[in-house]
Amino acid sequence: MKRLFVTFLTTAVLFCNSVNTFAVSDELFSTDTDEISAALSELTDEERQEYIDENLTVTEQQLSMFAILTANQSYDKITEQVKSAVDAGVEPVEIKEAIYHAAPYCGFTRAIAAAEAADKAFTELEIEIPVESQATVTDETRYDDGLAVQRELFGPQIGTITDDMTDSSKLQTIYLSGICFGDFYTRTGLELSTREFLTFCTISGNGTCSGQLGSHTNGNLNIGHSKDMLRAAIILNEEYNGEEKTVEALRVVNSTGE
């Protein structure tokens, strides 16, 4: 009888916990900013970390921070973040590539400053700074290779340069495919899927880029990432992005179609 009572009590507790979790998650998945903000404020530290750990590997957590710290120009925090990442088993080349990858999305000057902060940390840790080039394209191949990556992420509808384009449209197409995707997505050191994830993280750190963030939410879904993965990265980095950027990023993810 006692064993039966204990079993019943345990089941009841688990059921209550699952109901509470579902109630919180339901608001967190809303497209209403007030509901999202309320759900965030109700999450305990333990619930946050459990959700993050369920949906992001340790490496993904660490790399997302580099993208967002770079976007937010939080260079003073990068030195300590490098030490944390190295302790967690992240490779130096992955750290440098996560910072480099942010460049076309938040600005080259921010990425350069972040890379310098990371190099300082590597020196303090007596770790050889990765200097080998990870580039795989040439001036002749960067556009075509970048376009191929774009189409892999977003589908064959991504167009190429046509004769009827204006000069400004041609330049925009060349720069988007050739730089953002050709020069950066094709680099070694990180998987393509990781780079698309980091693009999303960087843009979330910029703020006021809902359209671009929605596009890269779709890009992540297209390559098999889940919305929970993206939400986890946003929640993990709330202390760097602040509540306003965090709530808006969650709203965009929640409102973007599968």
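Buried means under 20% relative accessible area, exposed means over 50%, and partly exposed lies in between (1.4 Å probe, protein chains only). This is a predicted model, in which local features need pLDDT of at least 70 and side-chain atom pairs count only at pLDDT 80 or more, while totals for chains, interfaces and linings use all residues. Residues are numbered from 1 along each chain as its sequence is written, and side-chain values use heavy atoms, with hydrogens and water left out.

**View 1. Gln 62 is a buried residue of helix H4.** Helices here are DSSP runs (H or I, at least four residues), numbered from the N terminus, and H4 spans residues 58–71. Gln 62 counts as buried because its relative accessibility is 9%. Leaving aside residues up to four places away in sequence, Gln 62 touches Gln 81, Ser 84, Ala 85, Ala 88 and Val 90; contact means heavy atoms within 4.5 Å.

**View 2. Helix H8 has its buried residues on the same side.** Take a look along residues 142–154: these 13 residues reach 18 Å from first C-alpha to last, close to the 18 Å expected at 1.5 Å a residue. That expected span is 1.5 Å times one less than the number of residues. Tyr 143, Gly 146, Leu 147, Val 149, Gln 150, Leu 153 and Phe 154 are the buried residues of H8. They cover an arc of only 160° around the axis, which puts them on the same side of H8; the arc is taken from the directions from the helix axis to the C-beta atoms. An α-helix has 3.6 residues a turn, so residues three or four places apart point the same way. On the other side of H8, Asp 144 and Glu 152 are exposed. The cover over the buried residues of H8 includes helices H9 (167–185), H10 (192–206) and H11 (210–222). After H8 comes Gly 155, with a positive phi near 105°.

**View 3. Two loop residues other than glycine have a positive phi.** Most residues other than glycine have a negative phi. Gln 73, in the loop between H4 and helix H5 (75–87), has a phi near 60°. Its relative accessibility is 42%, so Gln 73 counts as partly exposed. Thr 208 sits in the loop between H10 and H11, and its phi is about 50°. With a relative accessible area of 84%, Thr 208 is exposed.

Notes:
Helix = DSSP H or I, 4+ residues; strand = E, 2+ residues; numbered from the N terminus.
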